[in-house]
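Please open the model in your viewer and follow this short tour of helix packing. Each stop gives a selection to make and describes what is found there.

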Amino acid sequence: MTKLGWAIVATVASAALFFFGTGLDPVPELAWLAPLPILLLAPRVTGAAAVACAFVAYLAGSTGSWSYFWHSLSIPRPAGIGILGGSALLFALSAGLFRWLVRRGHGLPAALAAPALWTVVLYVVSLLNPTGLVGTFMTTQADRPSIVRIAAVTGGWGVEFLVLFVPAAVAAALAPGVRGRARLSGLVVTAAVLAGLAFWSTPPLTGPTTRIALLAQGQSRWAIDVATFEGRTRVQSYVDEIGRLPDGVQAVVLPEATFAVDQVSRARLVEAFTQVARARNLDVITGVIDTTPDGRFNAALAIPPSGPPVEYRKWHTGDSPNLASGTQLAHLAGIGLMVCMDVNFADPSREYGQAGTGLVLVPASDEDVDGWVHSRTALIRGVENGFSVAWSAARGTPMLADAQGHVLADAHTGDRPFSVVVADVPLGPGKTPYARFGDWFAWLCGLVALAGIITAARRPSLSPVTTPAGQL
């Protein structure tokens, strides 16, 4: 087969693996294989061909997400196009750096620098993007606690790096021009990392638990005004459902923006939920759009059986021009509160981890198809910072997970009048190494990527691999 034929085969194979291994409903194991055909191809063709094939493979592999980004209510269309095209370009540049290094005989630097470049650029994007970062390699592994537990030390960036490092190390070992110890070193490091993950067993957390219920109406509408007849009807329907919850529930979490309130109607909502909270001896947490003298906030309102309510105001509101942003953490009896998009960013999750918070309750609202991805983004934040997560989503995937990444219970909304998820959730330890030291691994990736570029730019340590004239 000609090099053109191999290029086509590698591109199609990677595209198919990216399609099934990433996106909104990934097969986790395929994510590790998806980069491999392109990385095997890269040193055997010209630089332009390697970059082009990598770009096409990633972009074609993301077709399952095209409709979501085109129609998303939370991500502006230009941003969605930028995410798709930018991710494909970043993978192409990572493959190009990999090729550059292995053709100069640098096997291990190639295996390290390509995923490092990918990871550090995504880190920068996470700092600049007003909607944060969701749905990358780290998310594909969210249902694999044995993998995502490293996020407690490295943050999710360690998972992001690892998923690309393994195929890069295999491809570097098989690349022409890489010989001897340079060929074996990447495989030795890969074997050591995977063996460490396999034998570092972390059982589910034990000890004191809190019985949490997630409650989401099947036909969801955004922020119904409590002062209207429809709003009062919705309040009563939730009160009735809370009354039917199993015995022993200590807190029930409703979705984001379930109600809209102002200074007058807020008191009515609090009174209605206080009554059922006292009757069932539980806390009620609901998402509200709260109009106050200080502004209009997307908030989580926690109503205990006795005592004043606690309100957390969402920090990250995306491009919503009519909503103000909160700046403070909020705890109800030591339990933290967040709202939906906040989990797309490092903070406030890391601040909760630094405070030693063991459980965070999150009213959320998604767009059906992205429910799994967004709930698992919340799970990763919990692992990073040592807290368990209660994710109550409208039009999504309500989920209860412990601080080590074990999903305790979940469901998908929309196929019944109310979705109810109940589980005993152990408190996490908080104060993980990541919560203490932050994004140190992402910065390390920046240094590794820079070192790789400098190494590639120097004179080759061995005779460079040549590509016959007239071929790719």
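An angle over 145 degrees between two helix axes counts as roughly antiparallel. The model on display is predicted.

**First stop.** Select helix 7 together with helix 11, residues 156-173. Their axes come within 8 Å and cross at roughly 150 degrees. Helix 7 and helix 11 are therefore roughly antiparallel to each other, and their crossing is right-handed. Now show the side chains of the contact. On helix 7 the participants are Gly-107, Ala-111, Leu-112, Ala-114, Pro-115, Ala-116, Trp-118, Thr-119, Leu-122, Tyr-123 and Ser-126. Helix 11 contributes Trp-157, Glu-160, Phe-161, Leu-164, Phe-165, Ala-168, Ala-169 and Ala-172. By class, this contact comprises 15 nonpolar, 3 polar and 1 charged residues.

**Second stop.** Keep helix 7 (residues 107-128) selected and add helix 18, residues 440-457. Here the axes lie 7 Å apart, and the packing angle is about 130 degrees. Helix 7 is therefore oblique to helix 18. The crossing of this pair is left-handed. From helix 7, select Leu-112, Ala-113, Ala-116, Leu-117, Thr-119, Val-120 and Tyr-123. From helix 18, select Ala-442, Trp-443, Cys-445, Gly-446, Val-448, Ala-449 and Gly-452, which complete the contact. How many residues of the contact of helix 7 with helix 18 are nonpolar, polar and charged? The division is 11 nonpolar, 3 polar and no charged.

**Last selection.** Display Leu-112, Ala-116, Thr-119 and Tyr-123 of helix 7: these residues are listed in the contact with helix 11 and also in the contact with helix 18.

Methods
Residues are numbered from 1 along each chain as its sequence is written. This is a predicted model: local features need pLDDT of at least 70, side-chain atom pairs count only at pLDDT 80 or more; totals for chains, interfaces and linings use all residues. Side-chain values use heavy atoms; hydrogens and water are left out. Axes are lines fitted to C-alpha atoms, for helices over the stretch in contact, and angles run from 0 to 180 degrees between N-to-C directions. Helices (H or I, at least four residues) and strands (E, at least two) are DSSP runs, numbered from the N terminus. Angles under 35 degrees count as roughly parallel, over 145 as roughly antiparallel, 65 to 115 as roughly perpendicular and the rest as oblique. A crossing is left-handed if the near helix is turned anticlockwise from the far one by less than a right angle, and right-handed if clockwise. Contact means heavy atoms within 4.5 Å. Ala, Val, Leu, Ile, Met, Phe, Trp, Tyr, Cys and Pro count as nonpolar, Asp, Glu, Lys and Arg as charged, and the others, Gly among them, as polar.
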